[in-house]
Amino acid sequence: MIETICNIGKTVQNIDEEQDIIDLWQKEENENYDLILEIDVSGDSISVDSRDFEKKVFRDGLLYTQGNWFVGALVKKDSYKEKNIKKSLDFLDIPEEKYDNIKDTLDQKIEEYKGSNFVILFKKDGKTPVDIAKGKFLEEIEKNGLKKVNYSGYCQMCNQFADTLYDSIIYKCYTNDKNIFSNTDGLSYGICYDCLINILAGRKYIHNYLETWWGGSKMLFLPHDYNIDIKEIFENADIGDLEDRSLLKKIRESEDWVMQEIGKCHTNVDIIFFSSQKSEWKITYHIRDVMPSRFTEIAEFETKYAASGYNLKLWQVLLYLLGGNSKINEIFGTNEAKNYLSDIFHGNKINRRIFFSRAMKKYRHDYYEGYKQISSIHRVYNFLVDCGCLSNGWKLVEKKKGVYEMAEYETEEQFFEENSEFFDNSVKKAWFLLGHLYNAMIYESKKYKSGDDLQNATSHLEKNFFFGRKFDFKTFVYIANQCSELMYKYGVQNKKYLNNYLSSSKELMGAGNEKIPNDEAKYIFFWGMQQWIGKSKNNIKVEGVDE
């Protein structure tokens, strides 16, 4: 990972221009300030002036703080303390005996602006710290930050001999390179100055363009190679507002589009989850070597399984894989979710039984919330089939370019024949036809009780008994017998299509020696309840696609 960051930094500096080490080293500061108080010490005179806040004041003041380490001559309002004032004066070689007069002058001025948020910039003879103490700043950074040492040797990055090495690679607690960079000739790390600058440049660039917040986690997308074309892809996204054109900033609202753009990079990409607190930085999960074609395919699959005008997104897929227990904005909160994401990007097989168990668990929640359509599982299931994570998909028809919907079928035989990859055994067909029969009996129940007023009718068959049962052979027999008894109760025992459903489902179940997961049987049963099969009618909505 560090080599990749170093190479990105080198590429960016070659394309743009080499950056000053001050700009590379200093931390990004917030801009929540109202004004700057400038105190200028010239000989025996002390003057204080105020002006509107500008972010470049942090560079002018050469400020760098980390724990007790304070460098520069700038003090923020919330750190206005004696020790920081004295460190600022010492940095500018201003005698400490002037401290009391300077402090009194500052206190009087601060009283005027006590309701404002400000920073204090110390100057000497009218000059800012960057004008008169840049060398002192660099010496301090090289000694304590970059850890310059009196060793010569070969750089662990570029393998070139250097008269001076640095015992640092900038990142603290990066995890996956520790075995590479360790214990070299008495140093933890042996890096030359040029490579160290490239790592600093890479770190800053990655923070601005290759880092994002997605599903409750910090992430990096690191292309293995980097050139001017890839740089343009990540920096100038042609979507949304013009103020922030960083591609990865768009991943939450335009995921498929971002995936498609990354696919244009024509280089493998690492996806790295990490956590950072203050100066510590730790990798929590690493998805390696995702091929560019994979990003393109995922974008196409998300579009293919769109519903109601909205493309499928990976967080929706993961909700079903995880059983619906995660919040959308915390979807990557567990390693299990990250494992599934890695499986999707690499096309690894996932456990079919676990998928249907988790998917039906989420469906149960949605069912109780009033959303009874099985179509979302259809979308997720076939997405995973296309990704290579599951097997045995079923047929969708491309209604218009890139938009797929379920095909229309006039008979059950046609339905099974055209979806033979999924319905590859008799047991699956039996459960589907039983669902078809059960849905028909709900209709007959409502008609029996309410006549033609079906819209306001209810049926006891719609009670939520489904989820309390294990969808095994015993449940199959129970539902089939219940439907048979109700056919006589409602006086519809002579309807041919009902008898065909009942007899065909029993025959198929009796002929099948195959076993399928109970939750997959439950899924197929609900699918049979909701799938329209028959001659197309303008006033009938074909189920299975739209949410």
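This talk goes through three helix packings and a handful of single residues in the structure above.

Before I begin, please keep in mind that what we are looking at is a predicted model, and that the values I quote were computed from it.

Let me start with helix α20, which covers residues 518–530, and with its two partners. Two packed helices are described by the angle between their axes and the distance between the axes, and I will give both each time. The first partner is helix α14, residues 352–368, whose axis comes within 8 Å of that of α20, with the two crossing at roughly 50 degrees. That angle makes α14 oblique to α20, and the crossing is left-handed. On the α14 side, the contact is made by R352, F356, S357, M360, Y363 and Y367, while α20 contributes D519, E520, K522, Y523, F526 and Q530. If you sort the residues of this contact by character, they divide into 6 nonpolar, 2 polar and 4 charged.

The second partner of α20 is helix α17, residues 426–450, and here the axes come within 6 Å and cross at roughly 45 degrees. Once again the arrangement is an oblique one, α17 to α20, but the crossing of α17 and α20 is right-handed, whereas that of α14 and α20 is left-handed. From α17 the residues K428, W431, F432, L434, G435, H436, Y438, N439 and I442 take part, and they meet E520, A521, I524, F525, W527, G528 and M529 in α20. This contact divides into 10 nonpolar, 4 polar and 2 charged residues. For anyone following along on the structure, E520 appears in the contact with α14 and also in the contact with α17.

While we are at α17, let me bring in C483, which lies in helix α18, residues 473–489. Leaving aside neighbours within four places in sequence, C483 is in contact with L437, Y438 and M441, and Y438 is one of the α17 residues that meet α20. Is C483 buried or exposed? With a relative accessible area of 1%, C483 is buried, since the cut-off for that word is under 20%. C483 and L502 stand 19 residues apart in sequence, and their C-alpha atoms are 8.1 Å apart in space.

The third packing pairs helix α10, residues 255–263, with helix α11, residues 292–304. Their axes come within 7 Å and cross at roughly 155 degrees, and α10 and α11 are therefore roughly antiparallel to each other. The crossing of α10 past α11 is left-handed. In α10 the residues involved are E255, D256, M259, Q260, I262 and G263, and across from them in α11 are P292, F295, T296, A299, E302 and T303. By character, this contact divides into 5 nonpolar, 4 polar and 3 charged residues.

How many of the 9 residues of α10 are buried? The count is 8, so α10 is largely enclosed by the rest of the structure. The buried residues of α10 include the charged-side-chain positions E255, D256 and E261, along with W257, V258, M259, I262 and G263.

After α10 comes the loop that leads to strand β13, and H266 is found there. H266 is exposed, at a relative accessible area of 69%, and its phi is near 60 degrees, which is a positive value in a residue other than glycine. A positive phi turns up again at D289, near 55 degrees, although D289 is found in strand β14, residues 280–290, and is partly exposed, at 38% relative accessible area.

I will finish with two serines, both of them buried. S217, in strand β12, has a relative accessible area of 10%, and its side chain reaches the backbone oxygen of F332 at 3.3 Å. Apart from neighbours within four places in sequence, S217 is in contact with T212, F273 and F332.

S168, for its part, lies in the loop between β10 and α8, with a relative accessible area of 7%. What does the side chain of S168 reach? The side chain of S168 reaches the backbone nitrogen of I170 at 3.0 Å. Not counting residues up to four places away in sequence, S168 touches G145, L146, K147, Y189, I191 and L196.

Conventions
Residues numbered from 1 in each chain as written. Predicted model: local features only at pLDDT ≥ 70, side-chain atom pairs only at ≥ 80, totals over all residues. Heavy atoms only, no water. Axes fitted to C-alpha atoms, helices over the stretch in contact; angles between N-to-C directions. Helix = DSSP H or I, 4+ residues; strand = E, 2+ residues; numbered from the N terminus. Parallel < 35°, antiparallel > 145°, perpendicular 65-115°, else oblique. Left-handed = near helix turned anticlockwise from the far one by under 90°. Contact = heavy atoms within 4.5 Å. Nonpolar A, V, L, I, M, F, W, Y, C, P; charged D, E, K, R; others polar. Buried < 20%, exposed > 50% of the residue type's maximum accessible area, 1.4 Å probe, protein only. Polar contact = N/O pair within 3.5 Å; in protein donor to acceptor, adjacent residues only side chain to side chain.
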